[in-house]
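Visitor: I would like to take a close look at a single part of this model, and I would be glad of a patient explanation. Could you take me through the sheet and what lies around it?

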Amino acid sequence: MNKTLGIAVMMAALALALRAEEPPLRPVADPRPILQDLQRKMSTLNTVCLEFAQERDLKLFAQPLRSEGVMLIERPDQIRWETTAPFQSILLGNHEAVAQFERIDGKWQKLKLGFPQMLRRVMEQMSAMNQGKLDALTSDYTITVATGSLAVLTLTPKDETIRSMLASIQVKMLPDYSATREVVMNEPGGDFTRIIFKNERRNVKFPPGTFDQSAPLDIAAVKTAITHAP
Amino acid sequence: MRRSFLALLLAWLAAGCAAPLPTRTVASPLPADGLLTERAVLTARGKQFALNGYLSQSAAGGRRLIITEMFGQTLADVLIKPDGTVQVLRSSRVLRPAWIKRFIAADVQCIFGGSPGPVRKLSETHFEIRRLWYKLDVQIVETRPGPQPKELFDTPAKP
């Protein structure tokens, strides 16, 4: 018992020490060179495949509400955001159109979307963020950068109405800006949604049908094709 | 001219309408204390919206529903007290307070409260509500039984 307690205390002390050594985030006075560097680095990416875990943290609930899925991006403008648990849903977007599919009773059903322009805009912004095209977002957001153990880009909506619903978006990246690790959407009341990205695969070749807005290829088939590609 | 306008208006209304289901009651799929995650598709005027719902229930009979869109933005937050009174705690441009109070709270009571309404049970976890103006397809995708925080069912103090 004493030994276990001792190990626990040591681990806690170690964790504290490690945290203490983590450099604090420092705001960058002029973020423009960093944003240009980021865009240059990300421009080498033709495709990216990421798995995500989404946590909706509401003050009212004891535990976060979780979902998970996959995000696929192909230059210049294709994006697929697929939730795989606890429900199944596919969002597909490009500059021209957006489509959504829901899995109901074991069958995919294409929705007749209301507000498709709004959804397309959200998808475009997500795609731009993940391709480092942050200059495309400066008309809608004020962007600040802080660096430390992670690089944190904070996007604050310029529009007051939007700001009343979405206080800010934080994009947390590796310190060398080579990959996005986490996106946090903060609401004015303190609730937030965190999207944690993992298992990133770059410059993969997506099979035909991956971004098909009429009959998208099943995600299992997409993953198999990526895994077995030469 | 007037007749053709009337015909057009009727056609427009009919395009957005679904034949309402007969009023009936279904047994609640909700544990006495627990949290349900729902995925719903709302069809209104020929357009569809996918929504997430998080419904908490206390053994005392209080219910609290939070509706969000795909990326987590809260669209509605409604508290239904054990005596059936409804309080809209949060609304949005998509879901207005009057709509939440009149329809969403009623639909919650229909599926989960045993109140009579135009509901059809398609399976243990799948329900359909069809009113004159809209159709709601609700799937329960996750159930977490257990007591929920008491504050969920209290009227929040005014800031």
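**The sheet of chain A**

Guide: Let us start from one pair of residues, for in strand 11 of chain A the residue Asn186(A) is the bridge partner of Ser168(A). Please keep in mind throughout that this is a predicted model. The pair belongs to a longer meeting of strands, since strand 10, residues 168–173, and strand 11, residues 180–186, both of chain A, run antiparallel and are joined by six bridges.

These two strands are part of a wider arrangement, an open sheet in chain A in which twelve strands follow the order 1-8-9-10-11-12-2-3-4-5-6-7, with antiparallel pairing. At the edges stand strand 1 (26–27) and strand 7 (107–110) of chain A, and because each has a single partner strand, one side of each is left without a neighbour in the sheet. Beside these strands, chain A has five helices.

If we begin at strand 1 and walk inwards, we come to strand 8, residues 141–147, which pairs with strand 1 of chain A in the antiparallel sense over two bridges. Here Arg26(A) stands opposite Thr147(A) of strand 8 in chain A. Thr147(A) also has a bridge partner in strand 9 of chain A, namely Ala151(A). Strand 8 and strand 9 (residues 151–157) of chain A are paired over seven bridges, again in the antiparallel sense, and the hairpin that joins strand 8 to strand 9 in chain A passes through three residues.

As a general point about such strands, in a regular strand the side chains alternate between the two faces of the sheet.

Let us now turn to the residues packed around this part. The largest nonpolar core has 37 residues, and those that touch the most other members are Met71(A), Leu92(A), Leu153(A) and Val171(A). Strand 2 of chain A, residues 47–57, gives the most to this core, with four residues. When residues up to four places away in sequence are left out of the count, Val171(A) touches Met129(A), Leu153(A), Thr180(A) and Val183(A). Apart from this core lies another one, of 35 residues, and among them are Leu36(B), Ala50(B), Cys110(B) and Tyr134(B). Taking chain A as a whole, buried residues make up 27% of its 230 residues, and of the contacts in chain A between residues at least 6 apart in sequence, 44% join residues at least 24 apart.

The sheet also has a part in the meeting with the other chain, where 20 residues of chain A are in contact with 23 residues of chain B. On the side of chain A that touches chain B, strand 5 (89–93) and strand 6 (98–104) of chain A each supply at least two residues, and the largest share, three residues, comes from strand 6 of chain A. Sorted by class, that side of chain A has twelve nonpolar, four polar and four charged residues.

For a contrast with the core, we may end at Pro208(A), whose place is in the loop between strand 12 (192–202) and helix 5 (219–228) of chain A. Pro208(A) has 8 other C-beta atoms within 10 Å, and a residue counts as exposed if that number is 12 or fewer, so Pro208(A) is exposed. The C-alpha atom of Pro208(A) is separated by 35 Å from that of Tyr141(A), and these two residues are 67 residues apart along the chain.

Note on methods
Residues numbered from 1 in each chain as written. Chains lettered and ligands numbered in written order. Predicted model: local features only at pLDDT ≥ 70, side-chain atom pairs only at ≥ 80, totals over all residues. Buried ≥ 20, exposed ≤ 12 C-beta atoms within 10 Å, placed from the backbone. Contact = placed C-beta atoms within 7 Å. Pairing = 2+ DSSP bridges. Nonpolar A, V, L, I, M, F, W, Y, C, P; charged D, E, K, R; others polar. Core = buried A, V, L, I, M, F, W, Y, C linked by C-beta atoms within 7 Å.
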